Amino acid sequence: MAPRAALVVLAAALVAGFLLVRSERRDAHNAEVLDTACGGVLPRATVRGLLPGDETWELRGELDLTGPSGRGPRTLLRCSVEWGEHGRLELAAVPVLDVPLSGVRSRDILATRTAEEPDWATAYRSATTQVTAGCPAGLPGYPRPVTRFRVHASLGYGEGSEIAGAAKEVRAAVTAVANHVRDRGGCGGPAVKPSDVRPPPEPVEGPDEESGEVVPSCRWFRPELLDGRARGRDDREPDGVTGDDADVCSLRVPRAKPANRLDHFAEVGSVSWRGPLLPEVRTAYGAELAALSRAPEPESGEKSYTLAVWAESSCSGTRTLSRVTVGTAAAALAADRADRILAAYLAASDCRAVKVLGKVWK
């Protein structure tokens, strides 16, 4: 019996030694994965607590295009640590890009409202947690200034399940990646803090047609500015866009007391441009700006008249160029109300130091 017992003890010792060696190798491999993932910037102790210690971790999809050598990539950084069949911790940093404009005229900017964003730009909406970080100096390599980027993280423990909310450990990982992108990109400005990292925002729904809610860029207008009445159920909805570099509104105003069959509606449009769009605006509207007059006269005999009024100002501390158009059946009404409508628009936009450049009939 003694030899058999000795063999059992020896076998158990061999198995224990094998398991110990395998465990040590796994731990060393996992430590190397954490040292490498996301450019080596992840807080190791914190992230280690998120991952199952009895699994072998694998690094997938490692990509780091941050820094001055970048050429305007869609993804600044991407890394994923995976284990088992479905376990995954995935982080990504992407630039926040405006939808490309086909032009700077009102119709071009309004067209961006229905443009679909690519999947890489909207992935943060289904992530565990995310942060949008500022980059005041601008990320390198883009044709237009890119002064924001977004970092998001997703954590799943198998069978497609996701961790609800923004766990403290995941926030720390997102913070580390965000500050890595900031440092490599020479962004300047304040560092990202864990308290800045939050769950994805709830989806933003459009205005409720039943409630009569108006798009934000059109809320400045009041119907009485053109002797109008409240919009009815069958009247055209206001159309507008609010962006970083431009705000646009286009609306039709039902007239309370039409003077004739052509006077049932008036048209009002407003647009303000800022920052990098200003040179392009002056080129696109060059002929109109050159024709501005302090006392314009319309051509007679038209079925409708549209008067455009231009102004320069400082809106919320930013140099802004604005254009308001008023379209009416009678030239006298447009001429009489245009200045008042422009003033209401600029006041609602917190614009100061206003300089009216002039008017032109369209």
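This passage describes one strand with its pairing partners, and two loop residues with positive phi values.

The model is predicted: local features need pLDDT of at least 70, side-chain atom pairs count only at pLDDT 80 or more, and totals for chains, interfaces and linings use all residues. Residues are numbered from 1 along each chain as its sequence is written, and side-chain values use heavy atoms, with hydrogens and water left out.

Strand β5 covers residues 148–157 (helices, H or I with at least four residues, and strands, E with at least two, are DSSP runs numbered from the N terminus). Eight of its 10 residues are buried (under 20% relative accessible area, with exposed over 50% and partly exposed in between; 1.4 Å probe, protein chains only). The strand is therefore largely enclosed by the rest of the structure.

Two strands pair if DSSP finds at least two bridges between them. Strand β3 (residues 87–95) runs antiparallel to β5, and nine bridges join them; Leu91 has Ala153 of β5 as its bridge partner. Strand β4 (residues 129–134) also pairs with β5 in the antiparallel sense, over six bridges. Here Thr132 stands opposite Arg150 of β5.

Most residues other than glycine have a negative phi. Ser316, in the loop between β9 (305–315) and β10 (318–328), has a positive phi near 55 degrees. Ser316 counts as exposed because its relative accessibility is 57%. Asp350 has a positive phi near 60 degrees and lies in the loop between α8 (331–348) and β11 (351–361). With a relative accessible area of 36%, Asp350 is partly exposed.
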